[in-house]
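Let's take a look at a ligand and the place where it sits. Have the structure open while you read, and try picking out each residue as it comes up.

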Amino acid sequence: MKAAVENLKLNFKTMEEFTSFKEYGLEELSMLEELQYTMVEDHSHSPFYGIYFGDQLVARMCLYVKTNGADLLPNDSDRYLEIWKLEVLPQYQHRGLGLQLVNFAKSFEIPILTKARVKSHDFWRKMGFTPLSENSSRLYWDPHTNQKQKIS
Ligand code: COA
């Protein structure tokens, strides 16, 4: 059975799991600092989503809802999503998990922005993302121009 995309609770266990990912960095460290400061173990909602195999977190992304898109996006849409830190652990790549996370984001049916890492441009092109403007490293997906794409 296909594992589901889950919202990741920000607790010390998740923080420990994040250290397996290459893109682990400042953002997680500041969340950890906040956790240590407040000593709250179990926030109910976080911007992180992921996929578990058994009890191992094997894929994750950070998904933010933004509301300042009108000046930025081609279709005057105010609300959009931003994907950060999409990453699948090396031994779990090429099994459709990256696609599953991107499809989860697409299922909200609002525009999506992301920044491609050096070697991931072809992946994003396959996902239907195009540069926001000429020579821009920011990539864009619009539900209205991609209505025929299957969301599964
Ligand atoms: N270049 C070109 N195509 C790629 C690709 C790449 N680097 N990675 C995957 N694809 C293709 C697959 O072949 C597949 O196409 P198909 O359906 O025609 O066979 C499709 O994209 C979906 O692949 P999937 O198995 O869902 O991708 P994945 O789970 O391996 O995840 C990444 C892809 C890029 C997220 C993963 O390789 C990764 O974590 N890389 C390191 C971090 C990174 O570059 N993140 C990018 C966002 S910043």
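## The pocket and its lining

Sort the lining of the largest pocket by class and you get 13 nonpolar, seven polar and 11 charged residues. That lining is made up of 31 residues, and the ones nearest the pocket's centre are Leu86, Glu87, Gln93, Ser120 and Phe123. As for the space inside, the volume of the largest pocket is about 950 Å³. Keep in mind that this is a predicted model.

Which element gives the most to the lining of the largest pocket? That's β4, with seven residues. Four elements supply at least two lining residues each: β4, α3, β5 (112-115) and α4.

## Where the ligand goes

Now for the ligand, which sits in this largest pocket. Three elements give two or more residues to the shell around the ligand, namely β4 (80-88), α3 (97-106) and α4 (121-126). Here α4 has the largest share, with four residues of the shell.

In total, 19 residues surround the ligand, and Val88, His94, Gly96, Gly98 and Leu99 come nearest. Split by class, the shell holds seven nonpolar, five polar and seven charged residues.

## Polar contacts

So what does the ligand touch through its oxygen atoms? Start with the backbone. A polar backbone atom of Val88 is 2.8 Å from an oxygen atom of the ligand. Val88 is also one of the residues that come nearest to the ligand. At Arg95, the distance from a backbone N or O atom to a ligand oxygen is 3.2 Å.

Lys126 joins in with its side chain: an N or O atom there lies 3.1 Å from an oxygen atom of the ligand. Each of these pairs counts as a polar contact because the cut-off is 3.5 Å between N or O atoms.

## How covered is the ligand?

How much of the ligand's accessible area does the protein cover? On its own, the ligand has 900 Å² of accessible area, and the protein covers 74% of that.

Terms used: Residues numbered from 1 in each chain as written. Predicted model: local features only at pLDDT ≥ 70, side-chain atom pairs only at ≥ 80, totals over all residues. Heavy atoms only, no water. Near = heavy atom within 4 Å. Polar contact = N/O pair within 3.5 Å; in protein donor to acceptor, adjacent residues only side chain to side chain. Areas by Shrake-Rupley, 256 points an atom, 1.4 Å probe, with all protein chains shown as cover. 1 Å grid on protein atoms, 1.4 Å probe; cavity = no way out; pocket = protein on both sides within 12 Å on 5 of 7 lines; lining within 4 Å. Sits in = over half its atoms within 2 Å of the grid points. Nonpolar A, V, L, I, M, F, W, Y, C, P; charged D, E, K, R; others polar. Points joined across faces, edges and corners; volume = space filled by probe spheres on them.
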